[in-house]
Amino acid sequence: MIEVIESYLAGINHELAVFIVSMLPIIELRGAVPFGISLGMDWQVVFILSVVGNVLPVPFIIMFFRPIIDYLEKTKLFGKIASKLKNRTKSKVSNVTKYKMFGLFLFVAIPIPGTGAWTGAAIAALMKMRIKHSLPAILLGVIGAGIIMTAVSCGVGGIISHFF
């Protein structure tokens, strides 16, 4: 997968490539960190670019996801797809509902398939959470996922040895 992304983004500098990959839905930070590390970039740069890139779309998703999905559900062309996406996102709401902000943080922070900033922001939008509450929870979750993915990608020992 890394080779496919690398060939697609050939010609742009590595920093911009990592930033762009971290903004993509599904791939997000979870793919951007190992991608950047595999390019030989410094883990601190990869971490910062991945976190910033992954969080950048979040406010827009929180503000516009629900109105756009509601509109698309009413159209013939996209109605079924929008309903399916909305129901799929709602199925993950139960993981967050009980603990609200802490639940949203955990949902985003644990780097497993189906979690992440995009889904967390969509859940926040469907739960009608205020952006001033959901954005910090998602940001902290992205930072947590970034720490986990960086540690896994570089090896915990490689990161610790950098500080000592």
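Among the contacts between residues at least 6 apart in sequence, 68% join residues at least 24 apart, and this is a good thing to keep in mind while you turn the whole chain in your viewer. The model on your screen is a predicted one. Colour the chain by secondary structure, and you should find 10 helices and zero strands, so that the elements, read from the N terminus on, run α-α-α-α-α-α-α-α-α-α. Of the 164 residues of the protein, 42% count as buried. If you then display the surface, the protein exposes about 9300 Å², of which carbon and sulfur atoms supply 71%.

**Helix 3 and Glu28**

Select residues 28-38, which make up helix 3. Nine of the 11 residues of this helix are buried, so helix 3 is largely enclosed by the rest of the structure. The buried residues of helix 3 are Glu28, Leu29, Arg30, Gly31, Ala32, Val33, Phe35, Gly36 and Ile37.

Now show the side chain of Glu28, and ask which side chain of opposite charge is nearest to Glu28. That side chain belongs to Arg30, and it is 4.3 Å away; Glu28 is buried yet has no salt bridge. Because a salt bridge requires a side-chain nitrogen of Lys or Arg within 4 Å of a carboxyl oxygen of Asp or Glu, the separation of 4.3 Å from Arg30 does not qualify. What you can find instead is a reach to the backbone, where the side chain of Glu28 comes to the nitrogen of Ala117 at 2.8 Å. Leaving aside its neighbours within four places in sequence, Glu28 is in contact with a set of residues that includes Val21, Ser22, Asn54, Trp118 and Thr119.

Before leaving this helix, step just past its end to Gly40, which takes a positive phi of about 85°.

**From Glu28 to Thr119 and Ile26**

Thr119, one of the contacts of Glu28, is the next residue to select, and it lies in helix 8, residues 117-126. Is Thr119 buried or exposed? At 19% relative accessibility it counts as buried, because the cut-off for buried is under 20%. Not counting residues up to four places away in sequence, Thr119 touches Glu28, Lys92, Phe107 and Gly114.

Add Ile26 to your selection and draw a distance between the two C-alpha atoms: Thr119 and Ile26 are 93 residues apart along the chain, while these atoms are separated by 8.7 Å. Ile26 has its place in the loop between helix 2 (14-23) and helix 3, and at 78% relative accessibility Ile26 counts as exposed. Its backbone also deserves a look, since phi of Ile26 is near 75°, a positive value in a residue other than glycine. Most residues other than glycine have a negative phi.

A second residue of this kind is Lys128, which has a positive phi of about 60° although it is not a glycine. You will find Lys128 in the loop between helix 8 and helix 9 (131-154), where, at 60% relative accessibility, Lys128 counts as exposed.

**The salt bridges around Lys86**

Move next to Lys86 and display the charged side chains around it. How many salt bridges does the count come to? The count is two. In one of them, the side chains of Lys86 and Asp70 meet at 2.8 Å, N to O. This pair links distant parts of the chain, with Lys86 in helix 6 (residues 79-97) and Asp70 in helix 5, 16 residues apart. Lys86 also forms a salt bridge with Glu73, the closest N and O atoms being 3.3 Å apart. Since Lys86 lies in helix 6 and Glu73 in helix 5, the pair ties together parts that are 13 residues apart in sequence. Salt bridges that share partners thus join Asp70, Glu73 and Lys86 into one network.

Compare the surroundings of these three residues by colouring them by accessibility: Lys86 is buried, with a relative accessible area of 13%, whereas Asp70, at 26%, counts as partly exposed, and Glu73, at 27%, is also partly exposed.

**The nonpolar patch**

For the last stop, stay with helix 5, residues 58-73, which gives the most to a nonpolar patch, with four residues. Select Phe60, Met63, Phe64, Ile68 and Ile131, which form this patch on the surface and together have about 470 Å² of accessible area. Phe64, which lies in helix 5, counts as partly exposed at 42% relative accessibility.

Technical notes
Residues numbered from 1 in each chain as written. Predicted model: local features only at pLDDT ≥ 70, side-chain atom pairs only at ≥ 80, totals over all residues. Heavy atoms only, no water. Patch = residues over 30% accessible without salt bridge, like charges linked within 9 Å, V, L, I, M, F, W, Y side chains within 5 Å. Areas by Shrake-Rupley, 256 points an atom, 1.4 Å probe, with all protein chains shown as cover. Helix = DSSP H or I, 4+ residues; strand = E, 2+ residues; numbered from the N terminus. Buried < 20%, exposed > 50% of the residue type's maximum accessible area, 1.4 Å probe, protein only. Contact = heavy atoms within 4.5 Å. Lys, Arg positive; Asp, Glu negative; His and termini not counted. Polar contact = N/O pair within 3.5 Å; in protein donor to acceptor, adjacent residues only side chain to side chain.
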